[in-house]
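Please walk through this protein chain with the model open beside the text. Start with the whole, then move to one sheet, and end with the empty spaces inside.

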Amino acid sequence: KTECTGSGHLTVRKSYGQPLSAFALDSRNAAGQIGGVAFYAEGLVALGVTACLASTKKISTFGGRSYQGTQSWTGVATGQPLTVPPLSSFVGHAAAVPQENGMIDNKNIQQAWDTFQQYGVASTPISPPVLASWQRSLQHGIDVERNATTLLKEGELHRLKLQHSPFLYASRLAIREGQERLNDTQSMIILADPQGVILETAGDPRAIDAGQDIRLQNGGRWDEASIGTNAIGTAIMLNAPVQIHAVEHFCNEVKKWTCAAAPVTDPRDQRLLGVVDISGPADTFYPQSLAHAIAISRQVEALLAHEMEVEHEGVLHYFLAKRFSGLNDTSIALSHSGKVLYATSRALQELRRRCPRLLDSQRGRLDVGQEVIGDTLTGFIESIEGLIPGARCEPVVDRKLLGYILILPSVSQPTH
């Protein structure tokens, strides 16, 4: 049964009586552990603190009732026992599940690492995602003695920041609150792009300075192919939250750190936008770092979703004003990512006639290539106008790019 007690504290008891403590990540999510298995539940909220971290198991209802969006509640809901699959079935989770005293069992993990180094297998139980990442690191030819990752040139980093500016803007807003929770933890928050390149860092100056020794800094490449097992790169590979603690890292110099990362996805199409990571010295292990990273990533996604709605409204208001002033009915309102916001059936028919492959009907957007959409305003306009001779693509700007109005050439009327 499920028990809702106090002011939002949740206790779930399976049929064999093992308790699950969950704590709030935001207004939609919670995380906890039951029977030694970490999980991430989406669609419910509970308050309280626990060292148990998160995986990607999603649970939207308990006892037949949904608590989505509820911030605090009391009472009792009864229903079917909660079923939690084995740890190995999860895509991603807290790699090192803390012991009862909240500490990580580094001795067993070190033993597993030593055996893996010799024989390519782990002698003691090790998280499946970590073991798989170690194996991938071997396949990439990563040297365990590699003392730092590679660094992008300043110009390339600047281009990436421009390309990922919506992700960075929303993340900065979310990080303002998150930084306060990192006081005295000697940790920093890291924002990385979908390829694992660090775009920005914030947090404890001691951690930021120490990170430069291994190039855990702006421009550093933290994909698995560059530096082996680490939270940023492994979270990208799994597309799921993950914590990598100390000896679970592949390279020896990186083993001095503990890191937790959570992906941020685009609310429009679930495309990976980047990763939020919390990193700090291994000897200052922060048990809630994974839950904290997930909370920030969810907040970033919520901010992006809100910003997207505001942008779409701006484009549609501009489009309607143009229609009232005589814009033809073969015009199409587009978001800045190329999504069709409004078009008449005649406009879509004309678009398909002039450029059959341009419209991705399943995704409802113009397929001009993600690198073009994410690069520059000029690049998108030139691509569209080059694909459709005679077409005109107008940007809709209100302090920033909101979207476009695609004006197709008027269809010639037959003469009699």
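What follows goes from the overall chain to a sheet and its helix, and then to the cavities.

The model is predicted. The protein chain holds eleven helices and 19 strands. Of its 416 residues, 51% count as buried. Contacts can also be sorted by distance along the sequence. Among contacts in the chain with a separation of 6 or more, 56% join residues 24 or more positions apart.

Now turn to the sheet. Four strands make an open sheet, in the order β15-β14-β19-β18. The pairing is antiparallel. β15 (340-343) and β18 (392-397) stand at the edges. Each has a single partner strand, so one side of each is left without a neighbour in the sheet. From one strand to the next, the twist averages 20°.

Take the pairings one at a time, beginning with β18. Six bridges join β18 to β19, residues 401-407, and the two run antiparallel. To find the register, look for R392, which stands opposite I407 in β19. I407 also serves the next pairing, as the bridge partner of S331. That pairing is between β14 and β19, antiparallel over five bridges. β14 then pairs with β15, again in the antiparallel sense, over three bridges. Here A333 has Y342 of β15 as its bridge partner. The hairpin of β14 and β15 has four residues between the strands. In that hairpin, G338 takes a positive phi near 90°.

Is β14 open to solvent or enclosed? Five of its five residues are buried, so β14 is largely enclosed by the rest of the structure. The cut-off for buried is under 20% relative accessible area. S331, A333 and S335 point one way from the strand. I332 and L334 point the other way. Both sets are buried.

What lies across this sheet? Helix α8, residues 289-324, lies across β14 (331-335), β15, β18 and β19. The helix runs at about 35° to β19. L316 is a useful residue for seeing the packing. L316 lies in α8. Leaving aside neighbours within four places in sequence, L316 is in contact with A333, L341 and Y342. A333 and Y342 are the bridge partners named above for β14 and β15. L316 also gives a reference distance to β19. The C-alpha atoms of L316 and Y404 are separated by 9.9 Å, although the two residues are 88 apart along the chain. Despite these contacts, L316 is not buried: at 30% relative accessibility, L316 counts as partly exposed.

Next come the internal spaces. Rolling a probe the size of a water molecule over the atoms shows where empty space is left. A search of the whole structure finds two cavities of 30 Å³ or more.

The largest cavity has a volume of about 50 Å³. Its lining is made of I214, L216, W222, N230, A231, I232, H249, V254, W257, C259, D277 and S279. Three elements give two or more residues each to this lining: α7 (231-238), β12 (257-265) and β13 (272-281). By class, the lining has eight nonpolar, three polar and one charged residues.

The second largest cavity holds about 40 Å³ of space. Lining it are S187, Q243, T258, C259, A260, I278, S279, Y286 and S289. The elements that give two or more residues to this lining are β12 and β13. β12 supplies the largest share, three residues. By class, there are four nonpolar, five polar and no charged residues. C259 and S279 appear in both linings.

One lining residue of the second largest cavity deserves a visit: S187. Where does S187 sit in the chain? S187 is found in the loop between α4 (165-181) and β9 (188-192). Is S187 buried or exposed? At 3% relative accessibility, S187 counts as buried. Not counting residues up to four places away in sequence, S187 touches L182, G203, D204, A207, I278, S279 and G280. I278 and S279, two of these contacts, also line the second largest cavity.

Terms used:
Residues are numbered from 1 along each chain as its sequence is written. This is a predicted model: local features need pLDDT of at least 70, side-chain atom pairs count only at pLDDT 80 or more; totals for chains, interfaces and linings use all residues. Side-chain values use heavy atoms; hydrogens and water are left out. On a 1 Å grid over the protein atoms alone, a cavity is a set of points where a 1.4 Å probe fits but cannot get out, and a pocket is an open set with protein on both sides within 12 Å along at least five of seven lines; lining residues have an atom within 4 Å of a point. Grid points are joined across faces, edges and corners, and a volume is the space filled by probe spheres set on the points. Ala, Val, Leu, Ile, Met, Phe, Trp, Tyr, Cys and Pro count as nonpolar, Asp, Glu, Lys and Arg as charged, and the others, Gly among them, as polar. Two strands pair if DSSP finds at least two bridges between them. Axes are lines fitted to C-alpha atoms, for helices over the stretch in contact, and angles run from 0 to 180 degrees between N-to-C directions. Contact means heavy atoms within 4.5 Å. Buried means under 20% relative accessible area, exposed over 50%, partly exposed in between (1.4 Å probe, protein chains only).
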